[in-house]
Structures are given as C-alpha cells and as structure tokens.
Amino acid sequence: MNVLVINAGSSSLKYQLLNTTTHEVYAKGNCERIGINDSFIGHEEHGSKSKLEVALPNHKVAIKHVFEILDQAGFDTDKIEGIGHRVVQGGWYFPESKVVTDETLAWVREVAPLAPLHNYAEADVIEICRELFPSIGNVIVADTSFHYNMPEKAWRYALPRDVVDKLHIRKYGAHGTSHRYIWRTAHEFLGDKVHKLVSCHLGSGASLAAIEDGHVMDTTMGLTPLDGLIMGTRTGTVDPATVFYLQRVGGYTVDEVDTMMNKQSGLAALSAVSSDSRDIEQAAAQGNKNCELALEMFYYRTSQLIAEMAQSMHGFDTMVFTAGIGENSDIMRFGVAKELEWLGVTLDTKANAIRSGEPRIISTEDSAITVLVIPTNEELMIAMDVEELLGK
C-alpha cells in the first residue's frame with residue numbers, strides 16, 4: 001500500500017510517501033516556517049534534494065504544495081491509497097489507531113489542551129486532507145497509544161481522585177510509535193532472546209519505555225512530554241513546587257514558567273552553548289566545564305531512569321538506543337552505559353563506534369544486558385497502521 005505519512009507541528013509539516021510492502025520511501029520532505037516569513041519546502045526523492053522557497057501562510061497552502069510536488073514526481077492522488085497522521089496526544093480516546101471520522105477528529109481537538117502546540121495543527125491538517133482529497137482515507141496514529149494500557153500503578157498520580165477523573169490527569173507518555181517500532185524490530189532481530197526491553201529514544205525530545213513481551217510497563221514522560229529525562233530544551237523531572245517558587249518568589253507568570261521549562265532549559269541551559277548534543281560534545285572535548293557537566297548530568301539521569309524502567313519489569317535483558325542522539329552519538333551511548341556497569345552492562349567500544357543504518361549489537365558477548373542500536377522508523381509504523389485499518 002502506498003501511504004502518505006504526515007507529521008504536522010505548529011509551524012512545520014513533515015511528510016513521507018512510502019510503500020508498506022517494500023518499505024521503499026518514494027519521497028519525503030518538510031514544510032518549514034508555516035505562517036512565518038522566509039518559509040520553504042525541503043524535498044527529497046531518489047537521493048536528490050531540492051529546496052522550494054514559497055509562501056506558506058497556513059497548513060492548507062502547505063498541504064496543497066506537498067500534493068503538487070508529489071504529483072510532479074509521478075504520484076498523483078490516484079496512487080496514494082491512504083494518509084496516516086501522527087498525532088502527539090491521543091488522550092483517553094486513542095488506546096489504538098483509528099480511522100478518521102467526524103467523531104475521531106473531534107476527539108483530537110478535545111484533548112488538544114494536553115498538547116496545544118501540536119494537536120490543533122494536526123487536527124487542522126486532517127480536516128484539510130479530508131476536504132481536498134475526500135476519496136483518500138485518513139488514519140490517526142497517536143504517540144500516546146502504545147503506553148495507554150500500562151499498569152495503573154504506573155500511570156496513576158497520587159492526586160485526589162475526583163480531580164484526576166474530571167480532568168483526565170494521568171501519565172500518557174510519548175514517542176509511543178517509536179517505542180513500538182523498537183520493540184517490533186528488536187524482537188525480529190533477537191527472537192526469543194528479548195523479553196524485558198528498555199527502549200531509549202534519545203533525541204532533542206527524549207523518553208524511555210519499559211516493554212515486557214510487547215506490553216509497556218512504564219515510561220518516563222508523563223501527563224506531558226516535559227517529564228522524565230533531561231532533553232534539548234526541556235527540564236525533565238523537577239520538584240513540582242519549583243513552579244510555585246518561580247511564580248511567588250521569582251515573579252514569573254505561568255506562561256513564562258511554561259516557556260522556561262519547555263524551551264529554555266535542558267542541555268541548552270546546562271551547557272550555555274547549545275541544545276544540540278554534537279555542539280556540546282565538541283565544546284566538552286575542548287575543556288568547556290559547563291558542557292562537561294551537561295554530559296555528566298545527561299548520563300546520570302538517563303542511567304538512573306533506565307534502572308527505574310528495569311524495576312518496573314523486575315529486571316531487563318535488552319536495551320536499545322534510538323533517535324538522533326541514540327543512533328548517532330557513540331559518546332552519549334558510552335557515557336550512559338558506563339553508569340550502568342554495576343548492572344553488568346558492557347559495551348564493545350569498536351562496535352559502539354561504528355556508524356550504520358542497520359540494527360546492530362554494540363555490547364560485549366559477556367555483557368549481562370544485550371545492548372543494541374536500532375534506527376527508529378515511526379513513518380513505517382504509522383503506514384502499517386494505515387494499511388491495517390484501510391487495506392482492502
């Protein structure tokens with residue numbers, strides 16, 4: 001099945017057209033700076049890249065341009081058999097992926113306050129696709145779905161029940177599509193050797209998931225993607241009273257604290273250099289003390305929460321690194337693994353240093369935990385859900 005996968009943000013729209021049988025990616029790209037000056041579309045097909053500088057006042061115009069580009073590449077609407085939409089927050093309505101209807105689209109908007117920067121834009125794009133191309137079916141794939149049925153002891157917060165029930169407050173997690181792909185690929189790669197896996201999705205946004213025989217037992221992101229690990233610009237877990245202190249004593253508004261914790265903190269704040277781990281690693285190698293501390297804190301916090309994920313399964317046999325940092329930074333992988341040596345985790349330094357687009361083992365033969373690097377593929381996972389729900 002030829003599926004167009006769309007991932008819409010507040011000012012961006014990523015797309016990828018692929019085949020679910022061959023896994024071939026026909027074309028992919030990103031509409032950047034939607035609603036902002038100097039907008040453009042970066043497009044790639046058959047290894048050739050191009051950049052189209054074009055006004056993108058809104059997502060509707062962006063979608064029209066995407067379909068025009070695909071049509072010029074030989075993929076008109078007759079050849080696109082389904083559209084999959086990555087939705088950040090599925091709330092209490094999406095324990096699994098669902099076909100788009102008036103009702104399911106309304107659900108995406110209803111839970112949008114839990115992810116306002118993403119869900120509203122994603123709902124708008126779904127609506128636009130239905131309007132412009134009514135003959136093509138659409139499917140919603142929520143990032144939270146894979147985590148939805150984790151044990152209640154993991155997802156419930158110790159808040160008053162009436163408040164929790166009324167406002168649907170719980171741990172939802174994120175990156176679920178990536179974690180689901182990692183479990184599936186690790187199981188294909190290792191077979192029956194993997195039962196208790198800690199999936200480490202480490203990028204600008206980062207989360208861990210404890211997956212036992214395909215079922216999530218716990219994850220690090222909470223009600224929102226702010227919780228858990230130190231990230232590029234997000235704090236990760238802090239004492240909740242920090243928010244009150246910043247308001248009462250610091251004089252910051254709610255919105256200012258929100259912006260601070262989501263966009264001005266994390267590795268960017270610790271390093272005072274960049275939110276990009278590559279810049280931080282380079283500066284640390286040159287003796288920058290702030291960057292050295294940023295790396296040490298990242299290793300410490302990540303390993304600490306890996307142990308927490310392992311506890312939820314009463315042990316683990318496999319650990320996988322994925323996403324931008326997890327797939328590409330041998331320094332970060334080594335630093336995290338070094339913190340876990342007391343658990344018997346040992347990396348093969350030569351295997352860890354190899355760059356490859358294929359799943360691979362980077363632990364030593366005598367390591368108590370098998371450690372892998374697996375490039376994630378959320379788009380393929382979304383496309384396969386589209387095929388399952390729309391396939392004829």
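Helix axes here are lines fitted to C-alpha atoms, over the stretch in contact, with angles taken between N-to-C directions. With that in hand, let's look at this predicted model, beginning with a pair of helices.

**Two crossing helices**

Helix H6 (residues 176–190) and helix H15 (residues 378–390) have axes that come within 9 Å and cross at roughly 90°. Angles of 65 to 115 degrees count as roughly perpendicular, and H6 and H15 are therefore roughly perpendicular to each other. On the H6 side, the contact is made by Thr177, Ser178, Arg180, Tyr181 and Arg184. H15 contributes Glu378, Leu380, Met381, Ile382, Met384 and Asp385. Sorted by character, the residues of this contact of H6 with H15 comprise 5 nonpolar, 2 polar and 4 charged.

**Aromatic rings**

The structure holds 4 aromatic pairs. One of them joins Phe94 and Trp107 edge-to-face, at 5.9 Å centre to centre and with 80° between the planes. Phe94 sits in the loop between strand E6 (82–87) and strand E7 (98–99), while Trp107 belongs to helix H2 (residues 102–110), so the pair ties together parts that are 13 residues apart in sequence. Both rings' residues are tucked away: Phe94 counts as buried at 1% relative accessibility, and Trp107 is buried too, with a relative accessible area of 17%. Ring pairs also bring in Trp92 and Tyr93, which form a cluster with Phe94 and Trp107.

**Charges over rings**

Two further rings have a charged side chain over them, as the table shows.

| Charged residue | Ring | Distance from ring centre |
|---|---|---|
| Lys51 | Phe40 | 4.4 Å |
| Arg170 | Tyr172 | 5.4 Å |

Methods: Residues numbered from 1 in each chain as written. Predicted model: local features only at pLDDT ≥ 70, side-chain atom pairs only at ≥ 80, totals over all residues. Heavy atoms only, no water. Phe/Tyr/Trp six-rings, centres within 6.5 Å; stacked < 30°, edge-to-face > 60°. Helix = DSSP H or I, 4+ residues; strand = E, 2+ residues; numbered from the N terminus. Buried < 20%, exposed > 50% of the residue type's maximum accessible area, 1.4 Å probe, protein only. Lys NZ or Arg CZ within 6 Å of the ring centre and 35° of its normal. Axes fitted to C-alpha atoms, helices over the stretch in contact; angles between N-to-C directions. Parallel < 35°, antiparallel > 145°, perpendicular 65-115°, else oblique. Contact = heavy atoms within 4.5 Å. Nonpolar A, V, L, I, M, F, W, Y, C, P; charged D, E, K, R; others polar.
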